[in-house]
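Thank you all for making the time this morning. I would like to walk you through a structure that will be new to most of you, so please have a look at it first, and then we will go through it piece by piece.

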Amino acid sequence: MNRRLIRFALLSVALLSLTASSRADTLVADLSQHLVGITTGFAGADVLLFGAVEGHGDVVVVTRGPDRPAVMHRKSRILGVWVNTASMTFDRVPSFYGIASSRPLEEIAPATVLARHEMGVEHLRLDLARAKASPNVAAEWRAGLLRNFQRAGLYAGSVRNVTFLGNRLFRTRISLPANVPTGIYQVQVFLLQDGRIVSAQTTPLSVSKIGGEAVVFDFAYSRPATYGLIAIALALVAGWLAHLIFRKA
Amino acid sequence: MQIYLPIAEMSVNVFLLLGMGGGVGFLSGLFGVGGGFLMTPLLIFIGVPPAVAVGTEANQIVASSVSGVLAHWRRGNVDFKMGFVLLLGGFAGSTLGVMLFSFLRGVGQIDLVISLSYVIFLGIIGALMFLEGVRAMRRRKSAAAQRRKLHQHTWIHGLPLKMRFRRSKLYISALMPLSIGFLVGVLSAIMGVGGGFIMVPAMIYLLGMPTSVVIGTSLFQIIFVTANVTFLQAYANQTVDVVLALLLLTGAVIGAQFGARAGARLQGEELRVLLALMVLAVCAKLFYDLLVTPGDLYSIGITR
């Protein structure tokens, strides 16, 4: 089914690009789905990105989750026990970061271009709220944050492949892990020629809880008191039922 | 089969949760303890955020205490008056405990405090239980047990606000059960336990209650204290995951039946030594984790 979906998608893109070629557009891309629903059985999801380019060039795809502040803690040893002794707040940190490219990034563009467009985890701009951290201390906090997000599977550990079919059609896969944060994601597709960006396109991707999970989550946050009372009532009934079953046995 | 837990915001295998509930339920049926002190660390080990583990476990303990207390009630083994005094202290203690919990969570120290509380209390209780059990086993072998006095008179009996507890055959100051209830309430909120493993020895050794009413009365007050913790954790921190709680308690109910049956075949003293060893093992694991150099000194905190 997936294979058929891909073929259909590529065909539609090819048609799209034919009609678009009369205009100045040199890049078209779209996602196999624009909504990733987190349901009861959710264990991560793959979203297919496909597109077509005009002429030669390299494609880079960057997927970013909504920006959020992040608090980091650093441990040190007190009386033999490891304790969080310092903390640092980053004002804006993407909650998810994935990247894919058709060739190794350093062959596609110079570091300045990669840095300007935040291509690659090492080029992410992470603002430290407190300016008092000296550059090398700030770099350590930054590295710590990247390690933690990578360990949680939220930041790409490596650059994925963008595969070309022929020299116009391309596709890649965006993998979202089970612990993926919710919100509106931005999928940025860049076309680069000779180390310069010649075209770019941004597509939104919505990740949200749906169904029973969303009901429970929203209820817990919007009516916390009622939620607490219901949780207690459920436990009381469950305990009583258990007693009845236990007595019969 | 994976299930996505809405509040913990993670995907876990259903059978792992049912198995954990069953395993801890079996042990709690075997030893006659609540099992919160095993389940909360286990949940943290599998990656549930500590705050969610504590809030959810309080919710599950409500259920297991209800089913336990009903059986004791039918046999008349609940001292309701003592229970009410204990839970008055428990309410105040657990309310303060949840406030403390929210504060510590905000400053990034909650994981440390949870671990340290476990290490200290499991260490003390485990060591005492182990010594007591070994001594009892030796006594049983050597000679017939000597008669003990009903209770000894100490400074505790000089405190004001004396109350009569008929069911427990006690005439003591209400301040004692109030403060025990308060302390256990604080621990209940921070550690995600019912506190039976502290409450029961305190009732026997500090208050001098007869053993027959201790378990029933302890379970009775645990219902209210854990219900209070559940409500406040849900209200203040949104850390009660009902889906997780229901899965755990389903396993726990079934496990407890088998545990109780297996327990009937073992000697009381041997059980106590076994339980003590288990408590000490959990304590040692948590202590080791505090001492060993962490893989990464940096960690992500909570943002609101």
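Let me begin with a single residue, B:Leu248, which touches B:Leu17, B:Met20, B:Gly21, B:Met39 and B:Gln60, leaving aside residues up to four places away in sequence. I should say at once that this is a predicted model, and please keep that in mind throughout.

If we step back from that residue, we find that B:Leu248, together with B:Leu5, B:Val62 and B:Ile223, is among the residues that touch the most other members of the largest nonpolar core, which has 105 residues. Which helix gives the most to this core? That is helix H8 of chain B, residues 211–237, with 14 residues. Apart from this core lies another one, of 45 residues, and among its members are A:Leu145, A:Val162, A:Val180 and A:Val187.

Staying with chain B for a moment, I would like to show you a pair of helices, H1, residues 14–31, and H9, residues 242–263, whose axes come within 5 Å and cross at roughly 40°. The crossing of H1(B) and H9(B) is right-handed, and the contact between these two helices has 20 nonpolar and 13 polar residues, with no charged residues.

Now let us turn to chain A, where 6 strands form an open sheet with mixed pairing, in the order S2-S12-S11-S4-S7-S8. At the edges of this sheet are strand S2, residues 35–38, and strand S8, residues 160–161, each of which pairs on one side only. The partner of S2(A) is strand S12 of chain A, residues 196–209, with the two running parallel and joined by 4 bridges, and within that pairing A:Leu35 has A:Ser206 as its bridge partner.

Finally, we come to the place where the chains meet, a contact that takes 48 residues from chain A and 46 residues from chain B. On the side of chain A, the largest share, 16 residues, comes from H6(A), and by class that side has 29 nonpolar, 13 polar and 6 charged residues. Strand pairing also links the two chains, since S5(A) is joined by 3 bridges to strand S5 of chain B, residues 298–300, and these strands run antiparallel. If you would like one position to look for there, A:His73 stands opposite B:Ser299 in S5(B).

Terms used:
Residues are numbered from 1 along each chain as its sequence is written. Chains are lettered from A and ligands numbered from 1 in the order in which they are written. This is a predicted model: local features need pLDDT of at least 70, side-chain atom pairs count only at pLDDT 80 or more; totals for chains, interfaces and linings use all residues. Axes are lines fitted to C-alpha atoms, for helices over the stretch in contact, and angles run from 0 to 180 degrees between N-to-C directions. A crossing is left-handed if the near helix is turned anticlockwise from the far one by less than a right angle, and right-handed if clockwise. Ala, Val, Leu, Ile, Met, Phe, Trp, Tyr, Cys and Pro count as nonpolar, Asp, Glu, Lys and Arg as charged, and the others, Gly among them, as polar. A nonpolar core is a set of buried Ala, Val, Leu, Ile, Met, Phe, Trp, Tyr and Cys residues joined through C-beta atoms within 7 Å. A residue is buried if 20 or more other C-beta atoms lie within 10 Å of its own, exposed if 12 or fewer, and partly exposed in between; C-beta atoms are placed from the backbone. Two residues are in contact if their C-beta atoms, placed from the backbone, lie within 7 Å. Two strands pair if DSSP finds at least two bridges between them.
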